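The following exercises concern a structure shown below. Each task is followed by a solution worked step by step.

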Amino acid sequence: MSDSTTVDSTTADTGPAVDTRPTKIMYVAEATAHGGRDGYVTSQDGQIELRVAMPPELGGDGNGTNPEQLFAAGYSSCFHNALILVGNREGYDLTGSTVAAKVGIGPNKTRGYGLAVALSVSLPVLDQGVAAKLVEAAHEVCPYSNATRGNIDVTILLG
């Protein structure tokens, strides 16, 4: 599986809108930003206390994490969990699987900023067809995928 294959891109027409809102809230995460992109973030439970800084590419000193890194970490871990869930449901071994996320930021056409995401999925013990099927199913299950569908370009590469 050394060849990368694009499995999905949310820029394609996905048909009628599907309501992916939760029917029941099971957990609520809380975080607070202090100082925007040049400050720090904390979580209400104390698990997160991080310095936040603009990356050098955006004119900052890079001496801290940034929202795009945090989004990449959240999306990759959430998507990987969705992949494990659907793999287990189908009886597949996902030993050694990984999901890496790249999150890009740049100006959009409305004088604001937008994000684009590329997820790189590795399923080393599965053949390409089975892996693609599981990735597509995970993309339907993952809350981050559901939240971004239709408003952020998400490309999933299987390799």
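A residue counts as buried when its relative accessible area is under 20%, as exposed when that area is over 50%, and as partly exposed in between. The model is predicted.

**Exercise 1.** Determine whether Ser145 is buried or exposed, and identify its surroundings.

*Solution.* Begin with the location: Ser145 belongs to helix 3, which spans residues 143–148. Next, apply the cut-off. The relative accessible area of Ser145 is 0%, so the residue is buried. Finally, list the contacts: leaving aside residues up to four places away in sequence, Ser145 touches Tyr75, Phe79 and His139.

**Exercise 2.** Describe the largest nonpolar core and state which elements build it.

*Solution.* The core has 26 residues, and those that touch the most other members are Phe79, Leu83, Leu119, Val121, Leu123 and Val135. Two or more residues each come from helix 1 (67–90), strand 5 (98–107), strand 6 (113–122), helix 2 (128–141) and strand 7 (153–158). Helix 1 is the greatest contributor, with seven residues. As background, nonpolar side chains in soluble globular proteins tend to be buried together.

**Exercise 3.** Explain why Cys78 and Cys142 are not joined by a disulfide.

*Solution.* First, consider exposure. Cys78 is buried at a relative accessible area of 19%, and Cys142 is buried at 0%. Second, consider the sulfur atoms. The cysteine sulfur closest to that of Cys78 is in Cys142, at 3.7 Å. In the reverse direction, the closest cysteine sulfur to that of Cys142 is in Cys78. Third, compare with the criterion: a disulfide requires sulfur atoms within 2.5 Å, so the 3.7 Å separation is too far for a bond. The structure as a whole holds zero disulfides.

**Exercise 4.** How many salt bridges does the structure hold, and which parts of the chain do the pairs Arg51–Asp38 and Lys133–Glu90 tie together?

*Solution.* The total is six salt bridges. Among them is the pair of Asp19 and Arg21, whose closest N and O atoms are 2.8 Å apart. Both Asp19 and Arg21 are exposed.

Arg51 and Asp38 meet through their side chains at 3.5 Å, N to O. Arg51 is in strand 4 (residues 49–52), while Asp38 is in the loop between strand 2 (31–34) and strand 3 (39–43); the pair therefore ties together parts 13 residues apart in sequence. In terms of exposure, Arg51 is partly exposed at 38% relative accessibility, whereas Asp38 is exposed at 56%.

Lys133 and Glu90 form a salt bridge at 3.8 Å, N to O. Since Lys133 lies in helix 2 and Glu90 in helix 1, this pair ties together parts that are 43 residues apart in sequence. Both partners are partly exposed, with relative accessible areas of 46% for Lys133 and 47% for Glu90. As a last step, look for shared partners: salt bridges of this kind join Asp38, Arg51 and Asp61 into one network.

**Exercise 5.** Which residues form a nonpolar patch on the surface, and where is Ile48 found?

*Solution.* The patch consists of Ile48, Leu50 and Leu70, which together have about 210 Å² of accessible area. Ile48 is located in the loop between strand 3 and strand 4. With a relative accessible area of 38%, Ile48 is classed as partly exposed.

Key. Residues are numbered from 1 along each chain as its sequence is written. This is a predicted model: local features need pLDDT of at least 70, side-chain atom pairs count only at pLDDT 80 or more; totals for chains, interfaces and linings use all residues. Side-chain values use heavy atoms; hydrogens and water are left out. A nonpolar core is a set of buried Ala, Val, Leu, Ile, Met, Phe, Trp, Tyr and Cys residues joined through side-chain atoms within 4.5 Å. Buried means under 20% relative accessible area, exposed over 50%, partly exposed in between (1.4 Å probe, protein chains only). Helices (H or I, at least four residues) and strands (E, at least two) are DSSP runs, numbered from the N terminus. Contact means heavy atoms within 4.5 Å. A salt bridge is a side-chain nitrogen of Lys or Arg within 4 Å of a carboxyl oxygen of Asp or Glu. Patches are made of residues with over 30% relative accessible area and no salt bridge: like charges are joined within 9 Å, nonpolar side chains (Val, Leu, Ile, Met, Phe, Trp, Tyr) within 5 Å. Accessible areas come from the Shrake-Rupley method with a 1.4 Å probe; for residues, only the protein chains shown count as cover.
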